[in-house]
Amino acid sequence: MMRILMALVMGAFLTGAAMAGENGIVRKEAAAGVTETVDQLIATMEGAGLKIFARVDHGAGAQSIGVDIGASQLVIFGNPKVGTPAIQDDPVSGLFLPMKVLVYEDGTGKTMIAYEEPAKMLGRLGGVSEDAAYIQTMTGALGKFTGSVAK
């Protein structure tokens, strides 16, 4: 089990690695446009057995009220085998789970991928230990999946 976790973490580091800002948000530049990136991200996640709960098109929502924010889509996904232990440790974890990845067009026209580091996201609750196995699994998976669509 520990080897698998380490492989996921190392894979995240080697593929599309990016440093999180002080606020715990990781940003990576995508290799394709927003729709193509989200399509590929979802296909990769589903292929790995993750559940896609929703695909929210913020750009289309804004256009529906006559505002152009550029392309922006949020993918909400998870795996109950990974998220449930976090909720057992601290029920308030349910505010942050399932996990989310945002793919958006920035002000310069680049397609960006953003997500919050699980340790930062759940660690502030108090009931979740930063060294919990599921934190490492979530971190590795986010790095791997977003790295697969990053430049």
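A residue counts as buried when its relative accessible area is under 20%. In this predicted model, T146 has a relative accessible area of 0%, so T146 is buried. The residue is found in helix α6. Leaving aside neighbours within four places in sequence, T146 is in contact with K28, L41, V101, I113 and Y115. A further link involves the backbone. A polar atom of the T146 side chain lies 2.6 Å from the backbone oxygen of L142.

The overall fold comes next. The protein chain has six helices and five strands. Along the sequence, these elements follow the pattern α-β-α-β-α-β-α-β-β-α-α. The chain has 151 residues, and 39% of them count as buried. Contacts with a separation of 6 or more were also examined. Of these, 68% join residues 24 or more positions apart.

In soluble globular proteins, nonpolar side chains tend to be buried together. In this model, the largest nonpolar core has 32 residues. Within this core, M45, F77 and V101 have the most contacts. Several elements give two or more residues to the core: α2 (34-47), β3 (72-78), α4 (80-89), β4 (99-105), β5 (111-116), α5 (118-123) and α6 (133-147). Helix α6 gives the most, with six residues.

The surroundings of F77 show how the chain is brought together. Neighbours within four places in sequence are again left aside. F77 is then in contact with M45, L50, K51, I52, F53, P98, M99, K100, V101 and L142. Two of these partners, M45 and V101, share with F77 the rank of most contacts inside the core. Another partner of F77 is L142, whose backbone oxygen lies 2.6 Å from a polar atom of the T146 side chain. V101 is in contact with F77, and V101 is also in contact with T146.

P98, a contact of F77, deserves a separate look. P98 is placed in the loop between α4 and β4. The peptide bond from L97 to P98 is cis. Its omega angle is near 5 degrees.

Strand β3 also holds Q73. The relative accessibility of Q73 is 6%, under the 20% limit, so Q73 counts as buried. Apart from neighbours within four places in sequence, Q73 is in contact with V34, T35, V38, R55, V56, D57, V101, L102 and V103. One of these partners is T35. The side chains of Q73 and T35 make a polar contact at 3.4 Å. Q73 can also be placed relative to Y104. The two residues are 31 residues apart in sequence, and their C-alpha atoms are 6.3 Å apart in space. V101 appears again here, as a contact of Q73.

The largest pocket was examined last. It has a volume of about 390 Å³. Its lining is made up of 21 residues. L50, G78, N79, V82 and T137 lie nearest the centre of the pocket. Elements β3, α4 and α6 each supply at least two residues of the lining. The largest share, six residues, comes from α4. By class, the lining has 14 nonpolar, five polar and two charged residues. L50 links this pocket to the residues described above: L50 is among those nearest the pocket centre, and L50 is in contact with F77. Elements β3, α4 and α6 thus appear both in the pocket lining and among the elements that give two or more residues to the core.

How values were computed
Residues are numbered from 1 along each chain as its sequence is written. This is a predicted model: local features need pLDDT of at least 70, side-chain atom pairs count only at pLDDT 80 or more; totals for chains, interfaces and linings use all residues. Side-chain values use heavy atoms; hydrogens and water are left out. A nonpolar core is a set of buried Ala, Val, Leu, Ile, Met, Phe, Trp, Tyr and Cys residues joined through side-chain atoms within 4.5 Å. Buried means under 20% relative accessible area, exposed over 50%, partly exposed in between (1.4 Å probe, protein chains only). Helices (H or I, at least four residues) and strands (E, at least two) are DSSP runs, numbered from the N terminus. Contact means heavy atoms within 4.5 Å. On a 1 Å grid over the protein atoms alone, a cavity is a set of points where a 1.4 Å probe fits but cannot get out, and a pocket is an open set with protein on both sides within 12 Å along at least five of seven lines; lining residues have an atom within 4 Å of a point. Grid points are joined across faces, edges and corners, and a volume is the space filled by probe spheres set on the points. Ala, Val, Leu, Ile, Met, Phe, Trp, Tyr, Cys and Pro count as nonpolar, Asp, Glu, Lys and Arg as charged, and the others, Gly among them, as polar. A polar contact is a pair of N or O atoms within 3.5 Å; within protein, one must be able to donate a hydrogen and the other to accept it, and residues adjacent in sequence count only if both atoms are side-chain atoms.
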